[in-house]
Amino acid sequence: MSQAAIQLQGIGKSWGDHAVLKHIDLSIPEGQFTALLGPSGCGKSTLLRIIAGLEQPTTGTLLIDGHDATYQEPAQRGLTMVFQSYALFPHLTVAHNILFGLQVRGVSKAEQHKRLQEALALTNLDGLEHRRPAQLSGGQRQRVALARSIVSGHRICLMDEPLSNLDAKLRHSVRHEIRALQQRLGLTVVYVTHDQTEAMGMADQVVLLNAGSIAQQGSAQELYQEPNSIFTAGFIGSPPMMLIHSDFVPLALWPTRYGFDLPHRVSIGVRPEQLQLHEPTADSVAVTVVHQEFQGADAYVYVRLKDGNTLIVRAPHQLRFMAGERCGLSWNPAHAFYFSQDTGARLQLASPVLAD
């Protein structure tokens, strides 16, 4: 297992009576890509700023490479940062923007030239070093910001929603470029995003934040396949997991063979690709089709429950459902998840009951 490049121990941050972060314990492995993911206002950018030294925590300790960095100045922390806004000097050329930090630090011209050539090659900016930011596309400007980070020589790179200003197609390509660079250079990256596609497609470790606390952390596969709460289930996945109140679920769709003791207030979670639409039966959930979206290989079928809530079913594109059509909805109980509506926590099934 990789040693921790960054450790956060009991980190809290409050503005007056408002707690933005609540006792964050987190280990960020050296040489890996960690994504801080969550909705707006969850505290992910504040956490990144605390790691950078741009904010100080109200409580807790921050260790970088095993040394207490809680109150260190940003320049003393041995890290670099890539911002959402690129933070380029408009009057400087690409080369001068990339080298600005090295010039301030008094690095020799020979070393500057060497690092510049390496960074230009790594970021596919060869031939653009004499242009100014206004003469570059959004993706090229972001690569200049990445190149500036690379030449710094620091092994820790913090990124604050660096792709949010790019269009969808460009985000996809630059995302792959960032991940390839991180792996090639062995960088420790901490990446803030509200876009789960970015986090799940790039990160070795995803840290999902909710209301200032860590809701769940682990690999993208772990968060997708083993959500520990309604929040994680509803945030991870596109479309996310569908949640159905137990009142609408017939006994045939409960895992009775597993000795499940049915609580009164349960939400059943099923991924859209596990849901099946068919003719109505007594052993299925009654739904009405709202509309269908063609998505290429698949289609998203929106259906409405009796309580008015809408679910999304991921179905093969060749199936056709008409608005207003009444259907039965079912799934394999072994593929479902069960959550307490009172606490939001996932409920664990009892051990399997052997058949007589």
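1. Let's start with Phe 231, which is partly exposed at a relative accessible area of 23%. Keep in mind as you look around that this is a predicted model.

2. Phe 231 shares helix α8 (residues 230-235) with Phe 235; the two are four residues apart, or about one turn of the helix. And Phe 235? Its relative accessibility is 18%, so Phe 235 counts as buried, the cut-off being under 20%.

3. A search of the whole structure turns up four aromatic pairs. One of them joins Phe 89 and Phe 100: the centres are 4.7 Å apart, the planes make an angle of 50°, and the pair is classed as tilted. Phe 89 sits in the loop between β6 (79-82) and α2 (94-104) while Phe 100 belongs to helix α2, so this pair ties together parts that are 11 residues apart in sequence.

4. How do those two rings fare for exposure? Phe 89 has 30% relative accessibility and counts as partly exposed. Phe 100, at 35% relative accessibility, also counts as partly exposed.

5. Back to helix α8, where Phe 231 and Phe 235 both lie. Their ring centres are 5.7 Å apart and their planes meet at 25°, so this pair is stacked; the angle needed for that label is under 30 degrees.

6. Two charged side chains are worth a look as well. Which ring does the charged end of Lys 13 sit over? That would be Trp 15, with the charged end 4.4 Å from the ring centre. Arg 271 has its charged end over the ring of Tyr 224, 4.0 Å from the centre.

Notes:
Residues numbered from 1 in each chain as written. Predicted model: local features only at pLDDT ≥ 70, side-chain atom pairs only at ≥ 80, totals over all residues. Heavy atoms only, no water. Phe/Tyr/Trp six-rings, centres within 6.5 Å; stacked < 30°, edge-to-face > 60°. Buried < 20%, exposed > 50% of the residue type's maximum accessible area, 1.4 Å probe, protein only. Lys NZ or Arg CZ within 6 Å of the ring centre and 35° of its normal.
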